Amino acid sequence: MTTELEIGLYIFMLAGFLGYHVISRVPPLLHTPLMSATNAIAGISLVGSLIVAGADYGPLSTVLGFIAVTCSSTNVVGGFLITDRMLRMFKKRDDQTAQRRRFPIDPKILLALAVLVISFLALIYRYAGFSKPAVHFIHDVLSTQALKYFYILSAAFFILGLKGLSSPKYARRGMFLAEFGMLMAVVGTLFHHEIVSYQWIIIGFVIGAIVGGTMGLRIPMTAVPQRTALSHSLGALAACLVGISEYFRHHGELSKVVMTALGFEVVIGGLTFTGSLMAAAKLQGLLPGHPITYKGQNVFNLSLLAVIAGSLIYLVIVPTSGTLFYLMVGLAFVFGLLLVIPIGAADMPVVIALLNSYGGLADASMGFMLMNKIQIITGSLDGTSGFLLSLLMCRAMNRSAINVLFGAFGKIKKEEGGLAAEAKGNVRSIVPEEVAVLFDSARSVIIVPGYGMAVAQAQHGVSELAKLLMKRGIDVKYAIHPVAGRMPGHMNVLLAEANIPYDQLYPMEQINPYFPEADIALVVGANDVTNPAARNNKNSPLYGMPILEVDRAKSIIVLKRSLRPGFAGVDNELYYDPKCMMLFGDAKESLNKLFAALKS
Ligand code: NAP
């Protein structure tokens with residue numbers, strides 16, 4: 001006979017395959033919204049948290065459940081709002097001129113409705129004093145029968161929601177379906193037969209909605225990577241706390257299957273929580289961005305992982321070893337910190353994607369523990385999405401995931417970079433007025449934005465300049481490298497925020513054939529992704545990384561502050577090319593001066 005566990009494993013696997021199929025069709029343009037959308041969907045851990053917070057499992061479980069509800073609802077509300085904010089920015093050239101047909105329902109209103117409906121239903125159910133048959137109907141029929149179908153429908157809506165992200169045209173509609181799916185799952189869970197009190201659920205939900213709503217509506221687009229990392233940490237903490245609460249409630253008397261799922265949940269949840277916090281702090285600049293390394297670091301980390309794995313195996317055999325359980329959770333928290341410390345800030349995007357995947361696995365483990373199929377499905381979808389994105393990032397940098405996680409890349413390469421920088425030639429510098437003269441005779445320009453543009457927050461300056469050039473009949477295209485920026489697809493979001501139509505943004509494979517015809521390649525704060533050494537120099541650490549072939553343009557103008565190398569710490573051969581001219585200075589200021597020179 002097929003057991004619940006087997007069914008769960010089948011569901012996990014099939015959801016993973018389906019997720020791969022759907023998510024691999026999401027274009028790089030929408031990779032950042034994809035991450036925040038999967039983040040919001042993974043907030044389905046809310047359903048498990050609601051039960052723990054509302055059931056009569058004891059004071060500790062209620063407290064842990066309350067914190068978990070707060071964290072998960074922050075992710076759901078914040079994740080959907082920021083995804084919608086980003087998707088609204090993606091417009092085609094035609095959409096900007098013609099009156100765009102408005103999407104019929106503003107998701108903000110929908111979410112506000114969700115909060116109202118949930119609070120209303122919860123209050124009615126708790127205080128209105130239903131007649132006995134009504135209570136019986138809600139408990140025995142609605143909670144067990146209807147909930148199953150609610151969850152199945154929700155899962156279908158989530159998958160359709162992610163499918164919508166395969167095109168900016170349908171993305172918002174897709175997300176609306178996913179939001180509706182979430183609403184159904186949450187409202188359905190409120191009628192779960194074990195929930196006896198709604199007080200802490202409502203308080204947690206209100207706090208989560210306020211925090212998540214503020215983050216979703218207010219956070220600047222340049223801070224999206226930090227927000228994403230922070231929400232991974234909240235989701236993982238929710239999963240971890242629900243696991244601890246369940247272990248405490250049963251005093252460790254759990255079957256081997258449940259203990260295995262619970263063990264994975266708390267370990268992966270714990271390390272993802274602290275690891276994501278570290279990543280957020282590095283991206284926000286609260287911690288030094290360079291890799292922090294010490295002798296024997298990898299051996300120490302792997303030994304710690306082995307101790308955690310050993311404890312988990314022992315706990316599956318002897319689940320009542322309470323002290324070992326809490327020690328294992330503590331070690332998982334420490335391991336998360338140690339895992340991220342040796343990784344440089346510029347590698348954080350890969351780490352965020354990987355932690356996204358871990359968060360999904362923690363969610364799926366929670367699903368196995370509670371035998372809740374919707375959580376298994378969303379956990380698997382989230383896991384697949386994060387894993388796929390991290391692999392794409394690694395491929396675009398021509399590096400292995402092992403190298404990113406254990407290579408302390410920024411550090412090693414900076415030392416090598418010092419040596420590489422000796423091979424120098426002449427560098428031509430240029431002033432904005434001279435650049436303006438060059439633009440006078442140009443017919444086509446390709447703008448290459450990089451990490452430096454994001455740092456300088458120069459996207460609006462880029463947009464203004466491009467508009468001016470287009471008014472003069474110059475063809476303007478943007479070249480987007482998959483790892484330019486601070487997270488997968490981040491450059492697209494920043495440019496969309498500056499009202500640049502997405503049909504002007506070309507991914508690397510599509511734009512490279514255009515470079516030989518371009519009169520000017522204008523590089524704004526990009527460095528490694530334009531380095532010809534990646535193509536020509538077998539000794540370069542960048543060798544093999546696919547690049548934007550800027551050097552094939554008729555002339556090249558680079559906006560950066562100095563000749564300092566980029567993230568990889570390697571001198572850029574491009575700057576010594578006779579066709580290349582350097583406009584030194586902060587990208588935002590240089591663009592302002594250039595704009596003024598062109599106008600005059
Ligand atoms: P990059 O190689 O790191 O170079 C950025 C350049 O921007 C720097 O050389 C810097 O030069 C300049 N810059 C910084 N602040 C500036 C300012 N205010 N104004 C003007 N210029 C400024 O960037 P990239 O070419 O975009 O390449 C991204 C790098 O990150 C790659 O090595 C990639 O492998 C790595 N990475 C990215 C991701 C991702 O998901 N996006 C993931 C992992 C790794 P100055 O100091 O001279 O101004």
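Which backbone atom lies 3.1 Å from an oxygen atom of the ligand? A backbone N or O atom of G525 does.

## About the model

This is a predicted model, in which local features need pLDDT of at least 70, side-chain atom pairs count only at pLDDT 80 or more, and totals for chains, interfaces and linings use all residues. Residues are numbered from 1 along each chain as its sequence is written, and side-chain values use heavy atoms, with hydrogens and water left out.

## Around the ligand

Let's start with the polar contacts (pairs of N or O atoms within 3.5 Å). Besides G525, a backbone N or O atom of G452 sits 3.5 Å from a ligand oxygen, and R564 brings a side-chain N or O atom to 3.5 Å from an oxygen atom of the ligand. The protein covers 96% of the 910 Å² of accessible area (Shrake-Rupley method, 1.4 Å probe) that the ligand has on its own.

There are 31 residues around the ligand (a heavy atom within 4 Å), and V483, N527, D528, R561 and S562 come nearest. The shell divides into 17 nonpolar, eight polar and six charged residues, with Gly counted as polar. Helix α19 (451–456) gives the most to this shell, four residues, while α14 (348–370) supplies at least two. Helices here are DSSP runs (H or I) of at least four residues, numbered from the N terminus.

## Helix α15

Now for α15, residues 373–396: its 24 residues reach 35 Å from first C-alpha to last, close to the 34 Å expected at 1.5 Å a residue (1.5 Å times one less than the number of residues). Of these 24 residues, 19 are buried (under 20% relative accessible area, 1.4 Å probe, protein chains only).

At the N-terminal end, N372 acts as a cap, with a side-chain oxygen 3.2 Å from the backbone nitrogen of I374. Just after the helix, N398 takes a positive phi of about 55°.

Technical notes:
Polar contact = N/O pair within 3.5 Å; in protein donor to acceptor, adjacent residues only side chain to side chain. Buried < 20%, exposed > 50% of the residue type's maximum accessible area, 1.4 Å probe, protein only.
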